[in-house]
Amino acid sequence: MSTNAKDMPIVKLESPRFEDSRPLLIVGLAGRYTANTLDDLPALWKRFSVHIGRIPGQIGRVAYGVCFDMFNGTGSFHYLSGVEVSESSALPEQFSRVQIPAQRYVMFPHRERVSKLRYTVNAIWSQWFPESGH
């Protein structure tokens with residue numbers, strides 16, 4: 001069951017950090033989501049979690065949630081749960097790849113259960129971003 005973004009509880013975000021990053025290649029499972037389908041993110045993470053530590057070329061054990069293809073006029077975005085890899089040639093067919101260029105990023109901590117990720121994502125886009133000047 002999806003929760004309407006307007007009906008979500010207001011969460012207090014931790015202060016984000018801005019980070020200058022080298023290029024990253026993130027691979028994992030992805031899907032297209034809207035504010036009304038954020039409840040589906042935990043299922044994506046559950047399906048992906050069994051792969052962590054077993055992905056060819058994986059670098060470290062940090063997992064990334066990557067939002068991309070957001071400003072396409074549809075109100076939807078792609079979300080990828082993944083890990084960094086050194087290359088992407090020997091990956092499972094169902095995996096998606098996102099090449100992230102070297103640039104400055106904003107990073108939001110999410111310390112709650114993955115089932116509450118939708119609240120953090122909603123707070124970023126409905127509270128932080130409009131007030132951020134970015």
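Visitor: Which strands form the open sheet, and in what order?

Guide: Keep in mind that this is a predicted model. To read a sheet, follow the strands by who sits beside whom. Here 4 strands form an open sheet in the order β3-β4-β2-β5, with antiparallel pairing.

Visitor: Which strands stand at the edges?

Guide: An edge strand is spotted by counting its partners. In this sheet β3 and β5 each have a single partner strand, so one side of each is left without a neighbour in the sheet. If you sight across the sheet, neighbouring strands are turned by 35° against each other on average, ignoring direction.

Visitor: What about β4? How many bridges does β4 make with β2, and how many with β3?

Guide: Bridges tell you which residues face each other across two strands. β2 (residues 24-34) pairs with β4 over 9 bridges, in the antiparallel sense. You can check the register at two places: Ile-26 stands opposite Glu-84, and Thr-34 has Ser-76 as its bridge partner. On the other pairing, β3 (residues 58-68) and β4 are antiparallel over 7 bridges, and Cys-67 is matched with Tyr-79.

Visitor: Is β4 mostly covered or mostly open?

Guide: In general, side chains in a regular strand alternate between the two faces of the sheet. So look at both faces when you judge cover. For β4 (residues 76-85), 9 of the 10 residues are buried.

Visitor: Which helix packs on the sheet?

Guide: Look for contacts first, then for direction. Helix α1 (residues 41-49) packs there, touching β2, β3 and β4. The direction of α1 makes about 25° with that of β4.

Visitor: Now the pockets. How much space lies in the largest pocket, and which residues are closest to its centre?

Guide: Start with volume, then go to the lining. The largest pocket holds about 1,300 Å³ of space. It is lined by 37 residues, and closest to the centre are Gly-65, Val-66, Val-106, Met-107 and Phe-108. At least two lining residues come from each of β1 (17-21), β3, β5 (96-100), β6 (103-107) and α2 (117-132). By class, the lining has 26 nonpolar, 5 polar and 6 charged residues.

Visitor: And what is the volume of the second largest pocket, and which element gives the most to its lining?

Guide: Same routine. The second largest pocket has a volume of about 250 Å³. Of its 13 lining residues, Ala-35, Gly-75, Phe-77, Val-121 and Trp-125 are the closest to the centre. Both β4 and α2 give two or more residues to this lining, and α2 gives the most, with 5. The class count is 8 nonpolar, 5 polar and no charged residues.

Technical notes:
Residues are numbered from 1 along each chain as its sequence is written. This is a predicted model: local features need pLDDT of at least 70, side-chain atom pairs count only at pLDDT 80 or more; totals for chains, interfaces and linings use all residues. Side-chain values use heavy atoms; hydrogens and water are left out. Buried means under 20% relative accessible area, exposed over 50%, partly exposed in between (1.4 Å probe, protein chains only). Two strands pair if DSSP finds at least two bridges between them. On a 1 Å grid over the protein atoms alone, a cavity is a set of points where a 1.4 Å probe fits but cannot get out, and a pocket is an open set with protein on both sides within 12 Å along at least five of seven lines; lining residues have an atom within 4 Å of a point. Grid points are joined across faces, edges and corners, and a volume is the space filled by probe spheres set on the points. Ala, Val, Leu, Ile, Met, Phe, Trp, Tyr, Cys and Pro count as nonpolar, Asp, Glu, Lys and Arg as charged, and the others, Gly among them, as polar. Axes are lines fitted to C-alpha atoms, for helices over the stretch in contact, and angles run from 0 to 180 degrees between N-to-C directions. Contact means heavy atoms within 4.5 Å.
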